[in-house]
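Biologist: I am new to this structure and would like a close look at one part of it, with the reasoning spelled out. Could you begin with a pair of charged side chains in a helix, and then work outwards to the helices and how they pack?

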Amino acid sequence: MKVRFAKSFSRLLKTQRKFQSLFEKAWKSSQTKTRPTSTRSKGGANPVLREIVGFGSNPGRLGMKLFLPKRLPAKPPLVVILHGCRQTPESFDASSGFSRLAAQRGFVLLYPQQKNANNAHGCFNWFRPSAVARDRGELMSVRQMIEHAIDRHRIDRTRVYIAGLSAGGAMTSALIATYPGLFAGVAIVAGMPFGTARDAVSALRAMKSGTAPPPGGWGSPVKAVSPAQSVWPPVSIWQGTEDRVVKSVNAKACVAQWLEVGGIPEEMRRTVVRPWGTLVRWEQDGRFRVLLYMLQGFGHGLPVRDLGKKGRGRKLDPYVLDAGISAPAELMRLWGLKRFVP
């Protein structure tokens with residue numbers, strides 16, 4: 001009996017050590033979630049995106065990545081960037097250069113990140129009503145990230161800006177429709193108007209062919225979720241004429257949506273032809289309210305100028321494309337984000 005007891009006790013100790021080892025490995029793995037991840041290869045002074053956990057209840061089960069420059073003003077601005085399908089914050093940032101601009105101009109940079117468990121293609125679920133309802137789903141997760149960054153980093157609440165590409169652009173439409181008072185400036189790149197679809201099938205159909213405006217016009221879905229809102233952030237809309245993923249008719253629907261919401265007559269437009277395409281402006285009280293950047297011959301992606309000269313390119317992110325105009329640089333100008341001098 002004693003021998004059997006000793007053997008049983010020995011097996012018990014081995015089992016305990018095994019479980020302790022597995023627990024320690026799991027614990028160490030969980031701790032790596034808060035460690036910085038480089039946006040580019042090793043061997044240089046690379047900007048770093050940090051994963052933030054515990055920013056809220058996170059009903060949409062999204063990830064939060066943050067770039068915090070070493071030097072910031074007392075009350076820095078916040079720029080929120082939503083990636084498109086098959087992108088990551090790291091790939092998008094490495095090609096677009098937003099973190100370099102953040103370091104130069106003294107703003108905090110936030111990247112919400114979709115998880116494959118939510119969408120196999122890494123797309124924000126802008127077409128699911130449950131994901132974009134007020135204070136629910138992915139929409140609420142992004143709102144919680146923004147509030148977390150504002151509280152932790154003393155962000156100037158009057159200087160929160162947001163831009164999104166493709167599915168991220170469509171999610172941006174939902175965010176500004178639902179929380180318009182949160183943002184001081186908006187960019188929708190190859191995105192969709194709010195209220196376009198209610199499931200994946202209707203979303204794909206609208207992306208490829210466009211869709212008829214809802215009853216009451218494109219402004220009605222926005223007014224339905226924010227009926228008391230009277231002041232709306234200025235919106236720039238970016239679209240390529242050769243975009244085969246999101247047809248350019250959707251950019252025109254986005255324009256119609258924000259003109260209707262702002263009560264701006266379509267005929268008030270001012271059109272300027274540029275080497276890269278056409279810029280159409282709608283102004284109100286001496287300030288731009290809606291801008292349409294229609295890039296001639298451009299495909300599906302974020303336009304960035306001189307990609308090849310800076311050693312970046314499609315190999316880093318196939319949806320950041322060389323163009324005659326740089327959207328990140330232009331947004332810095334539109335949003336008044338100038339170089340920061342401590």
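**Salt bridges and helices**

Modeller: Helix α9 covers residues 327–334, and E330 and R333 both belong to this helix, where they sit three residues apart, about one turn of the helix. The model is a predicted one, and in it the side chains of E330 and R333 meet in a salt bridge, with 2.6 Å from N to O. The two partners are placed differently with respect to the surface: E330 counts as buried because its relative accessibility is 14%, below the 20% limit for that class, whereas R333 counts as exposed because its relative accessible area is 52%, above the limit of 50%. Side chains of opposite charge can pair when their charged atoms come close.

Salt bridges that share partners also join R143, E147 and R157 into one network. Within this network, R143 forms a salt bridge with E147, and their closest N and O atoms are 3.1 Å apart. R143 and E147 are four residues apart in helix α4, so they are separated by about one helical turn. Here R143 is partly exposed, with a relative accessible area of 24%, while E147 is buried, with a relative accessible area of 18%. A further salt bridge links the side chains of R269 and E266, at 2.6 Å from N to O; R269 is partly exposed at a relative accessible area of 41%, and E266, at 40% relative accessibility, also counts as partly exposed. The count of salt bridges comes to seven.

Helix α4, which holds R143 and E147, also leads to the packing of helices. Two packed helices are described by the angle between their axes and the distance between the axes. Helix α4 (residues 137–152) packs with helix α5 (residues 167–178) at an angle of about 75°, and their axes are 10 Å apart. That angle makes α4 roughly perpendicular to α5, because the range from 65 to 115 degrees carries that description. On the α4 side the contact is made by E138, L139 and V142, and on the α5 side by M171, A174, L175 and T178. By class, the residues of this contact divide into five nonpolar, one polar and one charged.

Another pair of packed helices is α2 and helix α3 (residues 98–105), which meet at an angle of about 65° with their axes 6 Å apart. D93, A94 and S96 of α2 make this contact with F98, S99 and R100 of α3, and by class the contact has two nonpolar, two polar and two charged residues. Helix α2 (residues 89–96) is mostly covered, since eight of its eight residues are buried, among them P89, E90 and F92. After α2 comes G97, whose phi is positive, near 80°.

A glycine with positive phi also follows helix α8, namely G263, with a phi near 65°. Helix α8 (residues 249–262) has 14 residues and reaches 20 Å from its first C-alpha to its last, close to the 20 Å expected at 1.5 Å a residue. The buried residues of α8 include N250, A251, C254, W258 and L259.

Technical notes:
Residues are numbered from 1 along each chain as its sequence is written. This is a predicted model: local features need pLDDT of at least 70, side-chain atom pairs count only at pLDDT 80 or more; totals for chains, interfaces and linings use all residues. Side-chain values use heavy atoms; hydrogens and water are left out. Axes are lines fitted to C-alpha atoms, for helices over the stretch in contact, and angles run from 0 to 180 degrees between N-to-C directions. Helices (H or I, at least four residues) and strands (E, at least two) are DSSP runs, numbered from the N terminus. Angles under 35 degrees count as roughly parallel, over 145 as roughly antiparallel, 65 to 115 as roughly perpendicular and the rest as oblique. Contact means heavy atoms within 4.5 Å. Ala, Val, Leu, Ile, Met, Phe, Trp, Tyr, Cys and Pro count as nonpolar, Asp, Glu, Lys and Arg as charged, and the others, Gly among them, as polar. A salt bridge is a side-chain nitrogen of Lys or Arg within 4 Å of a carboxyl oxygen of Asp or Glu. Buried means under 20% relative accessible area, exposed over 50%, partly exposed in between (1.4 Å probe, protein chains only). The expected span of a helix is 1.5 Å times one less than its number of residues.
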